[in-house]
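Here is a short report on one protein model. It moves from fold to core to surface.

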Amino acid sequence: MKNEVPVACCHTVFTKEERIDYKDAFGELEKRRIAVMEIETGFQYQFPGDSDTLRLLYDWISLERKCCPFLTFTVIASSEDKPVSLQLTGTEDAKSFLRSEINDKITLITTMNDR
């Protein structure tokens, strides 16, 4: 591996407050998600195109990239009446991670110190 970031979720990077913010943003995005489709280098998620959903996406991305720096985040947005797309992409290992482990890792992140 030449200067590649290891495909490993580092869930300990969050403060307690960031973990709460992460959990809140992810939970709300899960409710709003319209579709998921596999693309060549990862997955594409679709959400409503409203400003509130776009803000939630950026809040979540700002935290997610701290724990999963091996992913590339691409947001595709046009008018508010069209869905917003979020592409999570990376190496083949990153795609495998997304396919098999991301839900487990997100569950771990959102339930750590959950009091």
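The protein has 4 helices and 4 strands; these are DSSP runs, with helices (H or I) of at least four residues and strands (E) of at least two, numbered from the N terminus. From the N terminus on, the order is α-β-β-α-β-β-α-α. This is a predicted model: local features need pLDDT of at least 70, side-chain atom pairs count only at pLDDT 80 or more, and totals for chains, interfaces and linings use all residues. Residues are numbered from 1 along each chain as its sequence is written, and side-chain values use heavy atoms, with hydrogens and water left out.

Of the 115 residues, 37% count as buried. Buried means under 20% relative accessible area, exposed over 50%, and partly exposed in between (1.4 Å probe, protein chains only).

The largest nonpolar core holds 25 residues. Such a core joins buried Ala, Val, Leu, Ile, Met, Phe, Trp, Tyr and Cys residues through side-chain atoms within 4.5 Å. Trp 60, Cys 68, Leu 71, Phe 73, Leu 86 and Leu 88 have the most contacts inside it. Two or more residues each come from α1 (16-32), β2, α2 (51-67), β4 (84-89) and α3 (92-100). Helix α2 gives the largest share, 6 residues.

Two residues with accessible side:

| Residue | Place | Relative accessibility |
|---|---|---|
| Glu 40 | loop between β1 (35-39) and β2 (42-47) | 70%, exposed |
| Tyr 58 | helix α2 | 47%, partly exposed |

The C-alpha atoms of Tyr 58 and Ala 25 are separated by 9.3 Å, with their positions 33 residues apart along the chain.
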